[in-house]
Amino acid sequence: MRFWRRPHGDSTLGSVDNAAVAAVFAEMGDLLAIVGGDTYRSRAFRNTARVIEGLRAPLKDLRMLGQLTSVPGLGAGSIERVHQILQTGTCPEHQRLLARLPRGLQALLQVRGLGPRHARLAWEHLGVTSLEHLELAARSGLLARVPGIGPLTVERVLRDLDGRKQAPPARLLLSEAIVLGDALVAWMLDDPHTIKAEQTGSARRRRETVGDLDVLVASTRPALSSTRFTAFPGVREVLMAGDGRASVILDNGVQADLRLVAAENWGAGQHYFTGSKAHNIAMRLRANAHKLALSEVGVWERKLRGRGRGEDNRQLARRLSPCTDEHDVFAALGLPFIPPELREGEGEIEAAIAGRLPSLVEDQDLIGETHLRARTASDALQLAHALGRRGRRWAIWVRPAVELVEHEARRRFRQAARRIGSTTGVDILCGVEVGIDLNGAMVATNGTLETLGSNVLDDICAAVDVVLGDVSVPPDVTVDRGLATARVLSAISSGRFHGLMRLQGRRLPNAPAGLDIDMRMVLLAAARQRVFVEVSGEPDRLDLDARGCRVATETGALLAISGRPQDNQHLGQGRFALWQARRGWVTAAATVNALPLAQLRTHLRLSLVGSDVDDVVHTGDHELGTAVDDSSDDSSDDGSDDSSDDSSDDSSDDPLFLPHRRQELRVRLAAFLHGESDPELLGVLLKRGDNTLLSAFAILNGLAQDGSDG
DNA sequence: GCCGTTTTCGGCCCGACTGTTTTCAGTCG
Ligand SMILES: Nc1nc2c(ncn2[C@H]2C[C@H](O)[C@@H](COP(=O)(O)OP(=O)(O)OP(=O)(O)O)O2)c(=O)[nH]1
Ligand SMILES: [Mg+2]
Ligand SMILES: [Mg+2]
């Protein structure tokens, strides 16, 4: 389609993203575990990998802004290595380990039941360096003769290797995991010894994808419950089964774990099995700091500082609380209840200690549904009835622009909305979904290759209450971070959109990252322009994701928690959007859905404020074009002529633009774009026009072509 | 390697199951 043509050439500058840096730390952690020695050092590296994966900004940005030192879990050593890895993709420690051990050894750890010790033994005795080698060694009988590895271990290894040939390990959608978990829970409840049963693990934390099914059962007869579990009709293989826990593989290749607790330890069991692992460890550390010990059987007094292997807390001390209710776990540690969605080990315990836990948005806060996707008026009517029963008082019915080309179609749309509102008591606002081209301008999304004229678009926008911009681009169009950010900033400041959807354009479970974009910058701009951003409940999208939601809460951007039901069958998916928002620390006040209709209407007017639209769009396009062209041009320039383009700007003679202050300017622009106040810089930017964010962005992109990363 | 309203040194989560171990190490959730 014409409007997907890129305004500039491809820039394929390879860059080291957070995931790549985290992967190096994870590899170092794994290799250190195989080498043996200090296990804490290995664990520290793995923890650093986890911390980096959870960051909400690129390491590059954090480095430039000097914020790496304030990341908990990153010490001086890791920061040094982050610098090195960002520049070269590796670091001396990494190289030392690779010189000592073959790289393929890390892959052996993927095999279930085979850990660092066995990997090392297989390598030392048999020279095994890959999964293929491992399989040969196992089948030939050599592996079973390695001291410390026996025939049963080998059999298990082969079963796992066979299993991953049939179905490579994959994560489930949350929606799928809940369906499967419900079946398992029902199976366990249909047993006389089951007192309680519940799905826990990442599904209870509402992670967007789920690795396995974790079921907690309180039982009067644990051994019998364990047998019941392994007799579930979908079980292909029993990995282990005791009277405390059991693990199986189901026919679809998914693992299911059972944990059994006494009824009086239900709350402690819930807390343990809900995780996350990082949250559990952090909670247990806090317990220890208070001379307590926390586990899935309650909270205990702790007499000794350290604890030898095999020593049991219960023999060492007195139990304070069995934690029958999950609240007891937190109460025993002097903490308020932390909702499962927040338990990722990403600052929730610190927030709880400080009394700064957010009061998360709840279903009952949502008095409006921000995206109804009915294709017919009768579907919309049914939906409105159902939404009314769920306590919604208004809804936005969104239709694609192509369906509203004719004046008559728009009239019928509005008429149907009014009629549905008066019959159901749920007020219906009319919305249109439009596309956004690579310059950030509005276009019609149209599957039939016709582009709508701008006058038609204007007519459509004028006829509806809400204009929703679809940020996503076709899969075959590549958009780099700079362009992705620029076009969305431009769209936001155009004043033509009330809201944006599919900001990341991601698909679960295989493309969870979606488009690379400067989320903080975009959401800050959205907050200022009062453009809302949708969190979609479509189970394979959940776009904006939880991480983005948390950035939204930090920047003050308003979110629309959108179920996007097409008909009553899809009504339930709204909860997925709500859950992701909750995972992003979102409060009711940060959602469109909590606004009474009158306030919503006021808000909608505000997003178009300053809507001398032409003016804004023109400025935006101009700045953007410069920025984009600069950043994509051959960046091997020696820099001798790079500033000539900017010399016509009024502000370029400001002292800030002197060559020796380049790095300072870069840092200050980046900080400004991420929400820090800088009155002097603001003054300079204002000389260039009203849209200071776009100006700052354009200048920063111009500086970026110097090639250095700072 | 990271960290600090009891520590700047000396800790670092804790328990269940399995196999090869003759008393417990390895692996996992
Ligand atoms: N204390 C402690 N708890 C753990 C550890 N590993 C796992 N758990 C707890 C917390 C986890 O959420 C829970 C279930 O383990 P899983 O391996 O299934 O992880 P989880 O469900 O969180 O993620 P997943 O989607 O399955 O990858 O068990 C651990 O090393 N220590
Ligand atoms: Mg799990
Ligand atoms: Mg599990």
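The exercises below work through selected features of a predicted model, each with a solution in steps.

Because this is a predicted model, local features need pLDDT of at least 70 and side-chain atom pairs count only at pLDDT 80 or more, whereas totals for chains, interfaces and linings use all residues. Residues are numbered from 1 along each chain as its sequence is written, chains are lettered from A and ligands numbered from 1 in the order in which they are written, and side-chain values use heavy atoms, with hydrogens and water left out.

**Exercise 1. The chain as a whole**

State how many helices and strands chain A has, and what share of its residues is buried.

*Solution.* Begin with the secondary structure: chain A holds 29 helices and 18 strands, where helices (H or I, at least four residues) and strands (E, at least two) are DSSP runs numbered from the N terminus. Next, take burial, which means under 20% relative accessible area, with exposed over 50% and partly exposed in between (1.4 Å probe, protein chains only); of the 710 residues in chain A, 52% are buried. Finally, turn to contacts, meaning heavy atoms within 4.5 Å: among those in chain A with a separation of 6 or more, 69% join residues 24 or more positions apart.

**Exercise 2. The two magnesium ions**

Identify the protein donors of each magnesium ion, and find the residue that coordinates both.

*Solution.* Donors are N, O and S atoms within 2.8 Å of the metal (3.2 Å for Na, K and Ca), and since water is not among the atoms, sites may look incomplete. First, the magnesium ion (ligand 3) has D212 (OD), D214 (OD) and D257 (OD) as its protein donors, at 2.0 to 2.2 Å, and along the chain these follow the spacing D-x1-D-x42-D. Second, the magnesium ion (ligand 2) is coordinated by D212 (OD) and D214 (OD), at 1.9 to 2.1 Å. Third, D212 bridges the two ions, ligand 2 and ligand 3, which lie 3.4 Å apart. As a last step, check burial: D212 has a relative accessible area of 18% and therefore counts as buried, and D214, at 9%, is buried as well.

**Exercise 3. Two helix pairs**

Describe how helix 1 packs on helix 5 and how helix 10 crosses helix 12, giving angle, handedness and contact residues.

*Solution.* Axes are lines fitted to C-alpha atoms, for helices over the stretch in contact, and angles run from 0 to 180 degrees between N-to-C directions. Angles under 35 degrees count as roughly parallel, over 145 as roughly antiparallel, 65 to 115 as roughly perpendicular and the rest as oblique. A crossing is left-handed if the near helix is turned anticlockwise from the far one by less than a right angle, and right-handed if clockwise.

- Helix 1 (residues 18-35) and helix 5 (residues 92-100) pack at about 45 degrees with their axes 10 Å apart, so they are oblique to each other. Their crossing is left-handed. Helix 1 contributes V24, E27, M28, L31, L32 and V35 to the contact, and helix 5 contributes E93, H94, L97, L98 and R100. Sorted by class, this contact has seven nonpolar, one polar and three charged residues, given that Ala, Val, Leu, Ile, Met, Phe, Trp, Tyr, Cys and Pro count as nonpolar, Asp, Glu, Lys and Arg as charged, and the others, Gly among them, as polar.
- Helix 10 (residues 174-189) and helix 12 (residues 222-230) have axes that come within 10 Å and cross at roughly 135 degrees, which means that helix 10 is oblique to helix 12. This crossing is right-handed. L184, W187 and M188 of helix 10 meet S225, R228 and F229 of helix 12, and by class the contact has four nonpolar, one polar and one charged residues.

**Exercise 4. Backbone exceptions**

Locate the cis peptide bonds from G275 to S276 and from L508 to P509, and the positive phi values of R502 and L542.

*Solution.* As background, most residues other than glycine have a negative phi, and most peptide bonds are trans. The bond from G275 to S276 is cis, with omega near 0 degrees, and S276 lies in the loop between helix 13 (266-274) and helix 14 (277-289). The bond from L508 to P509 is cis, with omega near 0 degrees, and P509 sits in the loop between strand 16 (499-501) and helix 22 (519-529). R502 is placed in the loop between strand 16 and helix 22; its phi is near 55 degrees, and at 11% relative accessibility R502 counts as buried. L542, with a positive phi of about 45 degrees, belongs to the loop between strand 17 (532-536) and helix 23 (546-555), and L542 is buried, with a relative accessible area of 1%.
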